[in-house]
Amino acid sequence: MAFDVEPLPYDYNALEPTIDEQTMRLHHDKHYATYVTNANNALQSHSDLANKSGEELLRTINDVPDDIRTTIRNNAGGAVNHAMFWKIMAPNGGGEPTGNIANVINGLGGFENFKTQFNDAGAKRFGSGWAWLVRTSSGQYQITSTANQDSPFLEGSYPIFGNDVWEHAYYLKYNNRRPEYLQNWWNVVNWDEINNRLQQAGG
Ligand code: MN3
């Protein structure tokens with residue numbers, strides 16, 4: 001399949017003051033768009049992979065030919081991760097979790113405890129990567145983190161939601177203060193979309 005640059009579901013400045021307009025413009029139009037372009041370029045020479053979705057490509061990464069495997073891991077990963085990221089944020093987001101995700105989070109020790117653990121996973125990710133809540137193939141919910149653009153799909157887990165802790169996600173506004181970004185990010189979390197993803201994950 002060819003990846004599309006999915007438009008932001010809100011204006012570039014809609015997540016202010018949590019995430020500034022310039023960061024959103026660069027992050028969406030440059031960083032994300034480049035992952036999409038690179039993934040599509042790699043797939044051009046492999047028409048046999050044309051029917052696979054991004055999720056399928058990542059779930060079956062070992063079936064992707066050697067010459068493009070790393071490119072797909074990084075760039076299909078980047079395309080899929082960011083397509084999720086834009087949607088799980090919203091201008092009127094934040095607040096306490098609602099619906100089924102509230103039950104999952106309560107099962108993991110409650111929202112305050114959950115935020116602390118999730119932020120810790122993001123803060124301790126050395127270099128670039130993501131913090132995640134995943135549903136494993138055996139139906140367990142876990143807070144994890146991955147390096148680079150590695151997707152939980154690579155390990156057979158479903159990414160319920162994740163936060164991007166690459167410097168490009170926060171550096172213009174927060175500089176080196178990643179923990180402050182992680183803390184503020186909860187103000188723009190879109191629980192409705194996260195509940196949609198939880199359902200897709202089978203939870
Ligand atoms: Mn990013």
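**Close-up views of a predicted model**

**View A. Asn148 in the loop between β2 and β3.** Asn148 is partly exposed, its relative accessible area being 40%. The model shown here and in the views that follow is predicted. The loop that holds Asn148 runs between β2 (141-147) and β3 (158-164). Although Asn148 is not a glycine, its phi is positive, at about 55 degrees.

**View B. Ser151 in the loop between β2 and β3.** Is Ser151 buried or exposed? With a relative accessible area of 2%, Ser151 is buried, because that value is under the 20% limit. Asn148, placed in the loop between β2 and β3, is by contrast partly exposed. Apart from residues up to four places away in sequence, Ser151 touches Leu58 and Asn81. The view also takes in Ala2: 149 residues separate Ser151 and Ala2 along the chain, and their C-alpha atoms are 18 Å apart.

**View C. Asn175 in the loop between α6 and α7.** The flanking helices are α6 (171-174) and α7 (178-185). Asn175 is a residue other than glycine with a positive phi, near 50 degrees. Its relative accessible area is 32%, so Asn175 counts as partly exposed.

**View D. The manganese site.** Which residues coordinate the manganese ion? The donors are NE2 of His27, NE2 of His82, OD of Asp164 and NE2 of His168, at 2.0 to 2.2 Å. Along the sequence these donor residues follow the spacing H-x54-H-x81-D-x3-H. Asp164 and His168 are both buried. His27 is among the buried residues of α1.

**View E. Helix α1 and its bend.** The bend in α1 is about 35 degrees and is located at His27, a residue that also coordinates the manganese ion. The 24 residues of α1 should span 34 Å at 1.5 Å a residue, and the end C-alpha atoms are 33 Å apart, so the two values agree. Buried residues of α1 are Thr23, Met24, His27, His28, Tyr32, Ala33, Tyr35, Val36, Ala39, Asn40, Ala42 and Leu43. Which elements do the buried residues of α1 pack against? Their partners are α2 (54-59), α3, β3 and α6.

**View F. Helix α3 and its kink.** Helix α3 covers residues 66-87, 22 residues in all. From first C-alpha to last, α3 reaches 32 Å, close to the 32 Å expected at 1.5 Å a residue. A kink of about 40 degrees is centred on Ile72. Asn75 is placed in α3 as well. Its relative accessibility is 10%, so Asn75 counts as buried. Leaving aside neighbours within four places in sequence, Asn75 is in contact with Thr34, Tyr35, Asn38 and Ala39. Of these contacts, Tyr35 and Ala39 are among the buried residues of α1.

**View G. The segment before α1.** Pro17 lies in the segment before α1 (21-44). The peptide bond from Glu16 to Pro17 is cis, with omega near 0 degrees. Leu8 lies in the segment before α1 too. Its relative accessible area of 14% means that Leu8 is buried. Not counting residues up to four places away in sequence, Leu8 touches Met24, His28 and Trp86; Met24 and His28 are listed among the buried residues of α1. Between Leu8 and Met89, 81 residues apart along the chain, the C-alpha separation is 9.9 Å.

**View H. The largest nonpolar core.** How many residues does the largest nonpolar core have? There are 60, and Met89, Phe161 and Trp185 have the most contacts inside the core. Helix α3 supplies the largest share of this core, 9 residues. At least three core residues come from each of domain 1 (21-87) and domain 2 (100-200). In soluble globular proteins, nonpolar side chains tend to be buried together. Beyond residues up to four places away in sequence, Met89 touches Tyr10, Leu15, Ile19, Met24, Trp185, Val188 and Asn190.

**View I. Domain 1 and domain 2.** The domain assignment places domain 1 at 21-87 and domain 2 at 100-200. The contact takes 20 residues from domain 1 and 23 residues from domain 2. Taken over C-alpha atoms, the domain centres are separated by 20 Å.

Definitions and conventions:
Residues numbered from 1 in each chain as written. Predicted model: local features only at pLDDT ≥ 70, side-chain atom pairs only at ≥ 80, totals over all residues. Heavy atoms only, no water. Helix = DSSP H or I, 4+ residues; strand = E, 2+ residues; numbered from the N terminus. Expected span 1.5 Å × (residues − 1). Bend = angle between axes of the 7 residues up to and from the residue. Donors = N, O, S within 2.8 Å, 3.2 Å for Na, K, Ca; no water. Buried < 20%, exposed > 50% of the residue type's maximum accessible area, 1.4 Å probe, protein only. Contact = heavy atoms within 4.5 Å. Core = buried A, V, L, I, M, F, W, Y, C linked by side-chain atoms within 4.5 Å. Domains from an automatic or database assignment.
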